[in-house]
Amino acid sequence: MAPVVGGGGALDVGGEASASIGRIRLDALNASVGAFDTRGAIPSVGSLMVTGLNLPGGPGIRIDSAVYEQATVQPYYDSLVAKIIAWAPTRDQAIERMLRALDEVVVEGIHTTVPLQKELLASEAFRSATMSTRTIEEILKARDERGKLT
């Protein structure tokens, strides 16, 4: 069977190559690590410097980042620290892989969105794909009720 391309047409690669191309099924997640204090919804930018940095790696993890130790987070641009992409054969495996990757993230000197993203990925709403536009608000409210401001 030939791979299907945009518009539903078949891609003819011909010969032996077409026999070696099979159907690939993967799930992928993207976490944008932002310089943001989720305790008060305040950007963590300005004269703040990244004093320590460890970004995850390993199979099924890709990192896109231009941040380095001693970098200053500027208030003039997007506060993106890194993008973490995790992929795996199933959604559950991709979620677990992303959670492990987020556990490995260390950014010192600024606040990031990592704690909130870990809570979101671990939530039943995310796991069951029943999220709504209120899911983050509900997580933050539950966090406040527990007295957990991280």
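The following exercises, each with a worked solution, concern a predicted model.

**Exercise 1. Determine where aspartate 27 lies, whether this residue is buried or exposed, and what its side chain approaches.**

Solution. Begin with the secondary structure, in which aspartate 27 belongs to strand β1, covering residues 27-34. Next take the relative accessibility, which is 19% for aspartate 27; since buried means under 20%, this residue counts as buried. Then list the contacts beyond four places in sequence, which for aspartate 27 are Ala86, Trp87, Ala88, Pro89, Thr90, Arg91 and Ala94. Finally, turn to the polar atoms: one in the side chain of aspartate 27 lies 3.2 Å from the backbone nitrogen of arginine 91.

**Exercise 2. Describe the surroundings of glycine 60, starting from its place in the chain.**

Solution. Glycine 60 is located in the loop between β4 (52-54) and β5 (61-64). Its relative accessible area is 8%, and glycine 60 is therefore buried. With neighbours within four places in sequence left aside, glycine 60 is in contact with Ile85, Ala86, Trp87 and Arg97. As a last step, consider methionine 98, which is 38 residues from glycine 60 in sequence, while the C-alpha atoms of the two are 9.1 Å apart in space.

**Exercise 3. Classify the crossing of helices α3 and α5, and work out which residues meet there.**

Solution. The axes of α3 (residues 114-122) and α5 (residues 135-146) come within 11 Å and cross at roughly 105 degrees. Because angles of 65 to 115 degrees count as roughly perpendicular, that is the class to which α3 and α5 belong. On the α3 side the participants are Pro115, Leu116, Glu119 and Leu120, and these meet Thr135, Ile136, Ile139, Leu140, Arg143 and Arg146 of α5. Sorted by class, this contact has six nonpolar, one polar and three charged residues.

**Exercise 4. State how many salt bridges the model has, and examine the pair formed by arginine 127 and glutamate 96.**

Solution. The count comes to four salt bridges. In the pair of arginine 127 and glutamate 96, the closest N and O atoms are 2.7 Å apart. This pair links distant parts of the chain, since arginine 127 is in helix α4 (residues 124-127) and glutamate 96 in helix α2 (residues 91-104), 31 residues apart. Both partners are partly exposed, arginine 127 at 27% relative accessibility and glutamate 96 at 32%. Another of the salt bridges joins arginine 134 to glutamate 137, with the closest N and O atoms 3.6 Å apart; arginine 134 is partly exposed at 48%, as is glutamate 137 at 47%.

Conventions. Residues numbered from 1 in each chain as written. Predicted model: local features only at pLDDT ≥ 70, side-chain atom pairs only at ≥ 80, totals over all residues. Heavy atoms only, no water. Helix = DSSP H or I, 4+ residues; strand = E, 2+ residues; numbered from the N terminus. Buried < 20%, exposed > 50% of the residue type's maximum accessible area, 1.4 Å probe, protein only. Polar contact = N/O pair within 3.5 Å; in protein donor to acceptor, adjacent residues only side chain to side chain. Contact = heavy atoms within 4.5 Å. Axes fitted to C-alpha atoms, helices over the stretch in contact; angles between N-to-C directions. Parallel < 35°, antiparallel > 145°, perpendicular 65-115°, else oblique. Nonpolar A, V, L, I, M, F, W, Y, C, P; charged D, E, K, R; others polar. Salt bridge = Lys/Arg side-chain N within 4 Å of Asp/Glu carboxyl O.
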